[in-house]
Amino acid sequence: MTSERSVPDSANPDVVLVGGGIMSATLAQLLHLVAPEWSVAVFESGSAVAGESSGPWNNAGTGHAALCELNYTPAGPDGQVDPSKAITINEQFQVSRQFWSHLVRAGMTGSPKDFISPVPHLSFVSGEQGRTYMRNRYTALSAQPLFEGMEYTESQAEMAEWLPLMMEGRDPEEIVAATRSVAGTDVNFGALTRLMLDDAATRGVNVHVNQRVDALEKESDGRWKVTVRDTRSGDRVTMRTRFVFVGAGGGALPLLQQAGIPEIRGFGGFPVSGMFLRTRSPELVSRHQAKVYGQAAVGAPPMSVPHLDLRLIDGEYSLLFGPYAGFSPKFLKAGSMFDLPKSVKPNNLGSMLGVARKELALTKYLIGELVQSRSARHRTLQAFVPTAEKRDWDMVTAGQRVQVIKQDPNSGKGVLQFGTELIVGGDGSIAGLLGASPGASTAVSAMLTLLERCFPQRLDAWRPRLQEAIPSYGRPLNDEPALLAEVRADTTQTLELNG
């Protein structure tokens, strides 16, 4: 028999964070920095925090800094590469590094190697067209202070030193080109999330697992009534809070829809599942000490960019290659087959149908991925690793990604957005984050934007504390090389990224 009770008013938290992932963990730490007197409660529906997209096997752990991801540097009709998106993402990752360094100095973890390690980031292309693009990309990026030190080569011999596993067995006449940045990292976002939430708990944040937020209801006094269900017993508890953040990954969209805020009207979600080939062979791992991103096939979406990543998870090295996309109507790995159909509402039906008509290439790509045989997937791997043997690799399922569907304000038609979107209620009392990559890597910037949009009247008072923790806060590092050098040296030392 289940029960329902209300929390006494004196025990109501000031802030409720829905979801125990990297976003909620980051916001909990930022709120402790600027408003330590506020009471905060985190509710995670799974049996442990960081079980969905933040889990290390559910993402590539790249620490997206746009050092290697070619979809962040599009070429125009004239072939020239626009570096603006790459600059923005790298700026955001530098903000994350600064805040993580602050937490390390404050005693969050015994060693930053528990969650971050140095790994070179490379981009790799083949063919004349790919080489021309890579030259232009290198020219555009290497001129930017944020990308200082990036190397470029068209020499197979030099690439054999950088990427011995990928170059062995390759046609010596093949046209190839690559860039390398030794400033890259591998980040275990699951470990980082757990460390941040464990640290937050020691400071009074209440972190609850097996607790699903089922309903959000705005009350007449402006506070939110939050209904939480115990996923084991079914018992429910209600509480009232002044501010709610929905950081539940794929679960954010239906909960924001249920809350009924007008700002979510027109938004939809398109779930995509991912799989990776993995090897733990010490011999193979020893010959690929890097993360390497290639180019998506012609007509394929940005989510399909192939990459071969060195991973360090729980003290064990492995290589992941993919992603191989798939389709599931679930919005979370532990979600429901009815997640997608339930998310279709009268106010977003037009957006959803518009995307369905427009994104025929995506539909074709996903169907092709779903029917792909193991042998076909292995051939894709062999384009990266010519000598790869099936017996060395097994398939692992990664997390669900719910891509944002929104209305184009100019055309009114639905568009599929590959990125993240912060939704803020009109009075700033509720916010939620939709979307995927580069998500976790830019979590600190995303949550700083949340503070700015939800608490603008408090920002002047909070700014000194934010600038103490994040010296570049409010200042573009790419325009201030001296500050960039200072920040980079400090975070490299604090996060033990010298090798």
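Helices here are DSSP runs of H or I with at least four residues, strands are E runs of at least two, and both are numbered from the N terminus. Axes are lines fitted to C-alpha atoms, for helices over the stretch in contact, with angles from 0 to 180 degrees between N-to-C directions. We're looking at a predicted model, where local features need pLDDT of at least 70, side-chain atom pairs count only at pLDDT 80 or more, and totals for chains, interfaces and linings use all residues. Residues are numbered from 1 along each chain as its sequence is written, and side-chain values use heavy atoms, leaving out hydrogens and water.

**View A. Helix 2 meets helix 13.** Helix 2 (residues 84-105) packs against helix 13 (residues 443-454) at about 90°, axes 7 Å apart. That makes the pair roughly perpendicular (65 to 115 degrees). Contact (heavy atoms within 4.5 Å) involves Gln92, Val95, Ser96, Phe99 and Trp100 from helix 2, and Ala443, Val444, Ser445 and Leu448 from helix 13.

**View B. An open sheet of 4 strands.** The order runs 1-12-11-10, with mixed pairing; two strands pair if DSSP finds at least two bridges between them. Strand 1 (4-6) and strand 10 (211-218) sit at the edges with a single partner strand each, so one side of each has no neighbour in the sheet. On average, neighbouring strands are turned by 25° against each other, direction ignored.

**View C. Strands 11 and 12, with helix 7 on the sheet.** Strand 11 (residues 224-230) pairs with strand 12 (residues 236-241) in the antiparallel sense over 6 bridges. Val228 stands opposite Val237 in strand 12. Helix 7 (residues 252-259) packs on the sheet and touches strand 10 and strand 11; the direction of helix 7 makes about 30° with that of strand 10.

Terms used: Parallel < 35°, antiparallel > 145°, perpendicular 65-115°, else oblique.
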